[in-house]
Amino acid sequence: MARRSAGEEPLPEEDPSNPIFKPIPEPSRLESFLITNQVSNFCGQINGVAGQNFSRLYLTKALHEN
């Protein structure tokens, strides 16, 4: 109604056969679970490598100071 009073064409009605108005499907719970576990695995690997490197850094710093 506001568009008609402003002299503009009305917006098209939602047509279920039109691909523009198709609803977005709900994401798969299994896919979300797999992605979450993969990210968790990567974070664990990064944490392990970073922990080893920090241990080496502190060890070399202590040896360098003596």
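**An aromatic pair and a nonpolar patch on helix 2**

Y58 counts as exposed because its relative accessibility is 55%, above the 50% cut-off for that class. This value, like those that follow, comes from a predicted model. The neighbourhood of Y58 is a good place to start a tour of the protein, which has two helices and zero strands.

Y58 shares helix 2 with F54, and the two residues are four apart, about one turn of the helix. An α-helix has 3.6 residues a turn, so residues three or four places apart point the same way. The count of aromatic pairs comes to one. That pair is formed by F54 and Y58, whose rings are stacked, with 6.3 Å from centre to centre and 20° between the planes. The term stacked applies here because the angle between the planes is under 30 degrees. F54, for its part, is classed as partly exposed because its relative accessibility is 47%, a value between the 20% and 50% limits.

The helix that carries this pair has 37 residues. From its first C-alpha to its last, helix 2 reaches 53 Å, close to the 54 Å expected at 1.5 Å a residue. The N-terminal end of helix 2 is capped by S28, which places a side-chain oxygen 3.3 Å from the backbone nitrogen of L30.

L30 itself belongs to helix 2, which runs over residues 29-65. With 57% relative accessibility, L30 counts as exposed. Together with F33 and L34, L30 makes a nonpolar surface patch of about 340 Å². L30 therefore appears twice in this part of the model: its backbone nitrogen faces the capping oxygen of S28, and the residue contributes to the nonpolar patch.

The picture for the protein as a whole fits alongside these local details. Of its 66 residues, 0% count as buried, a class reserved for relative accessible areas under 20%. The accessible surface comes to about 6700 Å², and carbon and sulfur atoms account for 60% of that area.

Methods. Residues numbered from 1 in each chain as written. Predicted model: local features only at pLDDT ≥ 70, side-chain atom pairs only at ≥ 80, totals over all residues. Heavy atoms only, no water. Patch = residues over 30% accessible without salt bridge, like charges linked within 9 Å, V, L, I, M, F, W, Y side chains within 5 Å. Areas by Shrake-Rupley, 256 points an atom, 1.4 Å probe, with all protein chains shown as cover. Salt bridge = Lys/Arg side-chain N within 4 Å of Asp/Glu carboxyl O. Buried < 20%, exposed > 50% of the residue type's maximum accessible area, 1.4 Å probe, protein only. Phe/Tyr/Trp six-rings, centres within 6.5 Å; stacked < 30°, edge-to-face > 60°. Expected span 1.5 Å × (residues − 1). Polar contact = N/O pair within 3.5 Å; in protein donor to acceptor, adjacent residues only side chain to side chain.
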